[in-house]
Amino acid sequence: MDLDRMPKVGQKAPDFLLPDDAGNMLRLSELSRKGVVLLLFYPADFGMICSIQMGELRDAHQEFVSAGVIVLPLGTNSVRSHAAWKESMRLPFPLLADEDGTVTREWHMSCDDDAWLKNRSCRGAFIIDREMMVRYRWIPPNPHVGPDVPSLLQEASAIAKR
């Protein structure tokens, strides 16, 4: 992970096209036209911290929707893994499959310096507005720490109201 090279607040977000858990191709720029996007990089389907994080997002999902925020997690697991995990967790939002890590590397979110998470996405969150500008960035000092979902909801809701 390279903090200096990843998108910063006030910069244009790099666009991408990735399959979701159902194999549907989703483009960030198209989704951002529909609402503010909360883009969440996470390391692994079925992981303990990731499961806690996604459970919290699932439980708060309707509040994000009501605020006009699209929840969009992205990980390096396969479409099949995402589909199985989504079903087991009853997640109401798509999971983007960056199987070869291209988007993760383009966003400089690769966890290459962590032995447990090597070749996976590090944990982080970006809030992207309708003009594809990064308006908020959360990167933990330790990739094994999940985000504070109520804080992400508060930030995303405020950005959506602008």
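Author: Before we start, a handy term: a residue is partly exposed when its relative accessible area falls between under 20%, which is buried, and over 50%, which is exposed. Keep in mind that this is a predicted model.

Reader: So is Phe46 buried, exposed or partly exposed?

Author: Its relative accessibility comes out at 48%. Exposed would take over 50%, and buried would take under 20%. So Phe46 counts as partly exposed.

Reader: How many aromatic pairs are there?

Author: Rings pair up here if their centres lie within 6.5 Å. By that rule, the aromatic pairs number six.

Reader: What kind of pair do Tyr42 and Trp85 form?

Author: Their centres sit 5.4 Å apart, with 35° between the planes. Stacked needs under 30 degrees and edge-to-face needs over 60. That makes the pair of Tyr42 and Trp85 tilted.

Reader: How many residues apart in sequence are the parts this pair of Tyr42 and Trp85 ties together?

Author: Tyr42 belongs to the loop between β3 (36-41) and α2 (48-66). Trp85 belongs to helix α3, residues 79-89. So the pair links parts whose separation in sequence is 43 residues.

Reader: Is Trp85 buried or exposed?

Author: Trp85 has a relative accessibility of 1%. The cut-off for buried is under 20%, so Trp85 counts as buried.

Reader: And what sort of pair do Phe46 and Trp85 make?

Author: Their ring centres are 6.2 Å apart, and the planes meet at 50°. That angle makes the pair of Phe46 and Trp85 tilted.

Note on methods. Residues are numbered from 1 along each chain as its sequence is written. This is a predicted model: local features need pLDDT of at least 70, side-chain atom pairs count only at pLDDT 80 or more; totals for chains, interfaces and linings use all residues. Side-chain values use heavy atoms; hydrogens and water are left out. Helices (H or I, at least four residues) and strands (E, at least two) are DSSP runs, numbered from the N terminus. Buried means under 20% relative accessible area, exposed over 50%, partly exposed in between (1.4 Å probe, protein chains only).
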